[in-house]
Amino acid sequence: MTIQTANSLFDNGTLADLYKAGFLSEKIFLYREIYLWINAQIFARGISKNRAVFEAQEFFDRDQRTIWRALNNFEDEEVLS
């Protein structure tokens with residue numbers, strides 16, 4: 001799933017509805033928040049992706065694997081081409 005798709009589903013309430021119905025776990029919301037936070041740090045502060053991941057570990061109190069997993073879940077499909 002791309003971040004654009006996730007944002008669209010979040011904005012129109014579909015993600016919340018799917019969560020309430022039991023089709024999604026709360027991880028989708030955490031992963032989206034992590035992805036957006038890291039991209040905001042990279043853009044606003046001009047830091048590297050690795051540095052942002054390191055800082056996200058502390059900010060979200062999660063291990064590095066979880067942070068990378070969140071980033072990989074929302075990578076653009078064109079990057080793989």
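## A helix-by-helix tour, starting at H3

Select Ile 28, Leu 30, Tyr 31, Arg 32, Ile 34, Tyr 35, Trp 37, Ile 38 and Gln 41: these are the buried residues of helix H3. Keep in mind as you click around that this is a predicted model.

**The partners of H3.** Now show helix H1 (3–11), helix H2 (14–21), H4 and H5, because the buried residues of H3 pack against these four. If you put a ruler on H3 itself, its end C-alpha atoms are 26 Å apart; 19 residues at 1.5 Å a residue should span 27 Å, so the two agree.

**Zoom out for a moment.** Color the chain by secondary structure and you will find 6 helices and 0 strands. Followed along the sequence, the pattern reads α-α-α-α-α-α. The C-alpha trace spans about 35 × 30 × 20 Å along its principal axes. Of the 81 residues in the chain, 32% are buried. Among contacts with a separation of 6 or more, 48% join residues 24 or more positions apart.

**Select Phe 29.** Back in helix H3, pick Phe 29. Buried or exposed, or in between? With a relative accessible area of 22%, Phe 29 is partly exposed. Leaving aside residues up to four places away in sequence, Phe 29 touches Phe 10, Leu 15, Ala 16 and Tyr 19. For a distance check, draw a line from the C-alpha of Phe 29 to that of Gln 4: the two are 25 residues apart in sequence and 14 Å apart in space.

**Select the core.** Next, bring up the largest nonpolar core, which has 19 residues. The ones to highlight are Ile 34, Ile 38, Ala 56, Phe 60, Ile 67 and Phe 74, which have the most contacts inside this core. H1, H3, H4 and H5 each supply at least two of the core residues. Which helix gives the largest share? That is H3, with 7 residues.

**Select Ile 38.** This is one of the residues with the most contacts inside the core. Setting aside residues up to four places away in sequence, Ile 38 touches Ala 52, Val 53, Ala 56, Ile 67 and Leu 71.

**H3 against H5.** Show only helix H3 (residues 27–45) and helix H5 (residues 64–73). At what angle do they pack? The angle is about 90°, and the axes are 8 Å apart. H3 and H5 are therefore roughly perpendicular to each other. By class, their contact has 7 nonpolar, 2 polar and 1 charged residues. To see the contact in side chains, select Tyr 31, Ile 34, Tyr 35 and Ile 38 on the H3 side. They meet Thr 66, Ile 67, Arg 69, Ala 70, Leu 71 and Asn 73 on the H5 side.

**The end of H3.** Slide along to Arg 45, which also lies in helix H3. Arg 45 counts as partly exposed, at 45% relative accessibility. Its contacts, not counting residues up to four places away in sequence, are Ala 40 and Glu 55. After H3 comes Gly 46, which has a positive phi near 70°.

**On to H4.** Helix H4 covers residues 49–60, and Asn 50 lies in it. The 12 residues of H4 reach 16 Å from first C-alpha to last, close to the 16 Å expected at 1.5 Å a residue. Select Ala 52, Val 53, Glu 55, Ala 56, Gln 57 and Phe 60 to see the buried residues of H4. These pack against H3 and H5. For contrast, click on Asn 50: at 54% relative accessibility, Asn 50 counts as exposed. A line from the C-alpha of Asn 50 to that of Arg 62, 12 residues apart along the chain, comes to 15 Å.

**Last stop: Asp 61.** What is the backbone doing at the residue that follows H4? That residue is Asp 61, and its phi is positive, near 55°. Asp 61 has this positive phi although it is not a glycine. You will find Asp 61 in the loop between H4 and H5. Turn on the surface here and Asp 61 is exposed, with a relative accessible area of 67%.

Definitions and conventions. Residues numbered from 1 in each chain as written. Predicted model: local features only at pLDDT ≥ 70, side-chain atom pairs only at ≥ 80, totals over all residues. Heavy atoms only, no water. Axes fitted to C-alpha atoms, helices over the stretch in contact; angles between N-to-C directions. Parallel < 35°, antiparallel > 145°, perpendicular 65-115°, else oblique. Contact = heavy atoms within 4.5 Å. Nonpolar A, V, L, I, M, F, W, Y, C, P; charged D, E, K, R; others polar. Buried < 20%, exposed > 50% of the residue type's maximum accessible area, 1.4 Å probe, protein only. Expected span 1.5 Å × (residues − 1). Core = buried A, V, L, I, M, F, W, Y, C linked by side-chain atoms within 4.5 Å.
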